[in-house]
Structures are given as C-alpha cells and as structure tokens.
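Ready to work through a fold by hand? Keep the viewer open, try each exercise yourself, and then read the solution.

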Amino acid sequence: MSKRIVIALGGNALGNTAQQQLQLVQETARPIADLITSGNEVIIAHGNGPQVGMINTGLSSAAEQGSIQADMPFPECGAMSQGYIGYHLQNALGNELRDRGLKKDVATVVTQVLVDEHDPAFRHPTKPVGAFYDKETADRIANEKGYTMVEDSGRGYRQVVASPKPVDVIEQNTIRSLVDNGCVVITVGGGGIPVIRKNGKLLGTPAVIDKDFASAKLAELLDADLLIILTAVEKVAINFGKPDQKNLDRLTPQEARRYMDEGQFAPGSMLPKVQAALQFAESKPGRTALITLLDKAADGIAGRTGTRLSA
C-alpha cells in the first residue's frame, strides 16, 4: 500500500563543495526513486549545515576584505542554501526518474518556518555558524553588529545563533497542493528559513532550526503516514560504541523517554532524531517514524531493518 512519506536527509551526506554534492546527489537519488517507483508520495527535507556555513563564511570574508559592501544576513544565507541544494536534488532525482521511464515533476519550495520569538533558545544562542576569527576581530564584529561570538573548540571565535523549535510551516498549503497533484517536493531545507510574526508580518530572524524537528512538523502538517529520519547508522542503539551495545528494532514512546533520561543518545547527533521521531509518532494515532540509513529505507518500510518508533 502506498504511503505519504517525509524523508529527512542530512546536509552532511551531501558533501562540502558544490562539485562533491553534484556527484553525491546522484547516489542519493536512487533509493529515493525506489520509494517513488513503488507508488509512494515522497516529500524530501534536508539539512544544510556545511552548505550554509560555506555561504556565510564566504560572504563574511568578502565583506571583511571590502570585496562586497556588506555580508549577507543569515536568513538569506539559508535561502541561498535551499536554492542550490534543492536544484541539485531535483536535477538528480528528475534525471533518475526519467531514466526509469517515470514522468513525475520534482520541485523545490523555498520554505519559511515560523518560530516563536519568545522561544527560550533566543536567550541562549548555541549554534555556531560562519567563519572563525581571532578574539580581537570577534570582539569588533560583536560590537559593530551585535552578534554573539564564542570560542569554539580551540580554533577561534565564531558567531552563535539560536536554535528555536518550529511552530508552523508557512508554505504548507503550497507543498500540500503540489504533493496532492503528484509532484515530488523538496522543502524545509536546512530546517527552513526561520521567521517570526510581528504586527501581522513575517520577518526573517538569524537562527537555525533543527532539520529533524522541522521535518517532523512538516510530516505532521501534511498528515504523512511515515517520517524517515536518515542517519549514519542502520539502527538506533543503546550503549553505543560499548561492548554491550544493543541495536533497537522498535521503540515505544515510554522506552524512548527512558533512554533519553539515561543519556543514551548523544546531543547534536542521535538525540534530536529520537526526539523528532517521538514528536511525530505521538502527534496522531497510526503515525510511525523510522530511523535508518538511506540505502536501507525501503527495507525499513518493509519492517526488515531500521528502528521504528510508534505510539
């Protein structure tokens, strides 16, 4: 039976340069095309960590050197990354589907995601972005632009921005219409462009939304049957990397919460994936989240691998 599936693809899986990404997306397209060929409705979300960092660093450096008049605000950097990652994905997937004789449109939607301006994350920005600077330069930038600059891993100082939770996907009706009409949609790239609502207007804000949480919110809004969160391992594990590591085929919400309380899942790695999976699975009876490798997605849907979380 066909399903409506949201796939959350990691930005790190797409490479660190445009040339590398062009090659990698051809491999990425094949297992996604398998799901589409099987009759499923597929919506693709993706991260943009390396890519938005590259854009932000390049433009910040150019501004520092006087090559351009001003650096690019972070929401615009996110929009740029959505555009070029989306282009590569839709190009590769479109070619793969045509090679299989399947006539299906693939489209990228530049997507805004609403966040709450009172989200506690804005009081404690933690997400490093952009270039590294020495302390003197970082202090100057902080004074001139009001950025929060912190020392990062002994390599210098970087800007940090907030990582608020997604509240709504602004273009959800457009995305739903495209999907309902048979289109494969690439959306909420990099977690979406964060916007807040002020006096009835949407305003971009410098922040980074976790792509797994944005994917879960999108899947909820589109009434998807399945959320697939792709990662670098085939299954979620407890006691990861230890002699008594145990891979998990299934997780109940109660088990997921217990393991999170025990600190079994690493922050910034598996933890947000399990949290996002839990959020979607509990949003409505019958919804399931699957965490696995990209090339195991079809087997995961069939129940042969991966970690499934359902209420």
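**Exercise 1. Work out how strand 4 pairs with strand 10 and with strand 8, and then place them in their sheet**.

Step 1. Find strand 4 (residues 112-115) and strand 10 (residues 193-198); they pair in the parallel sense over 3 bridges. Strands here are DSSP runs of E with at least two residues, while helices are runs of H or I with at least four, all numbered from the N terminus. Two strands pair if DSSP finds at least two bridges between them. A word on the source: this is a predicted model, where local features need pLDDT of at least 70 and side-chain atom pairs count only at pLDDT 80 or more, while totals for chains, interfaces and linings use all residues. Residues are numbered from 1 along each chain as its sequence is written, and side-chain values use heavy atoms, leaving out hydrogens and water.

Step 2. Check the register: Q112 has I193 of strand 10 as its bridge partner, and L114 has V195.

Step 3. Now look at strand 8 (residues 166-169), which runs antiparallel to strand 4 and is joined to it by 3 bridges. Here L114 stands opposite D168.

Step 4. Put the pieces together: the order is 8-4-10-11 in an open sheet of 4 strands with mixed pairing. Strand 8 and strand 11 are at the edges with a single partner strand each, so each has one side without a neighbour in the sheet. From one strand to the next, the twist averages 45°.

**Exercise 2. Trace the open sheet of 8 strands and find what packs on it**.

Step 1. Follow the order 3-9-2-1-12-16-17-15; the pairing is mixed. Strand 3 (106-108) and strand 15 (250-251) are the edges, each having a single partner strand, so one side of each lacks a neighbour in the sheet.

Step 2. Start from strand 1 (residues 4-9), which is parallel to strand 2 (residues 41-46) and joined to it by 6 bridges. One facing pair is R4 and E41. Helix 1 (residues 18-37) packs on the sheet and touches strand 1, strand 2, strand 9 (184-187) and strand 12 (226-230), with its direction at about 150° to that of strand 2. Angles like this one run from 0 to 180 degrees between N-to-C directions, using axes that are lines fitted to C-alpha atoms, for helices over the stretch in contact.

Step 3. Go on to strand 12, which pairs with strand 1 in the parallel sense over 4 bridges. I5 has L226 as its bridge partner there. Strand 12 is also parallel to strand 16 (residues 288-292), with 5 bridges joining them, and L230 stands opposite T292.

Step 4. How many residues of strand 12 are buried? The count is 5 of its 5, where buried means under 20% relative accessible area, exposed over 50% and partly exposed in between (1.4 Å probe, protein chains only). L226, I228 and L230 cover one side, with L227 and I229 on the other.

**Exercise 3. Describe the surroundings of L93**.

Step 1. Locate L93 in helix 3 (residues 74-99). L93 is buried, at a relative accessible area of 2%.

Step 2. List its contacts (heavy atoms within 4.5 Å). Setting aside neighbours within four places in sequence, L93 touches A29, I32, A33, I36, I44, V106 and V184.

Step 3. Pick V106: it lies 13 residues from L93 along the chain, and their C-alpha atoms are separated by 7.4 Å.

**Exercise 4. Decide how helix 7 and helix 8 are arranged**.

Step 1. The axes of helix 7 (residues 253-261) and helix 8 (residues 270-281) come within 11 Å and cross at roughly 155°.

Step 2. The two helices are therefore roughly antiparallel (angles under 35 degrees count as roughly parallel, over 145 as roughly antiparallel, 65 to 115 as roughly perpendicular and the rest as oblique).

Step 3. Find the residues that touch: P253, A256, R257 and M260 come from helix 7, while L271, V274, Q275 and L278 come from helix 8.

**Exercise 5. Examine the phi angles of N199 and N239**.

Step 1. Most residues other than glycine have a negative phi.

Step 2. N199 has a positive phi near 50°. N199 is in the loop between strand 10 and strand 11 (201-204), and is exposed, with a relative accessible area of 80%.

Step 3. N239 also has a positive phi, about 55°, and sits in the loop between strand 13 (237-238) and strand 14 (246-247).
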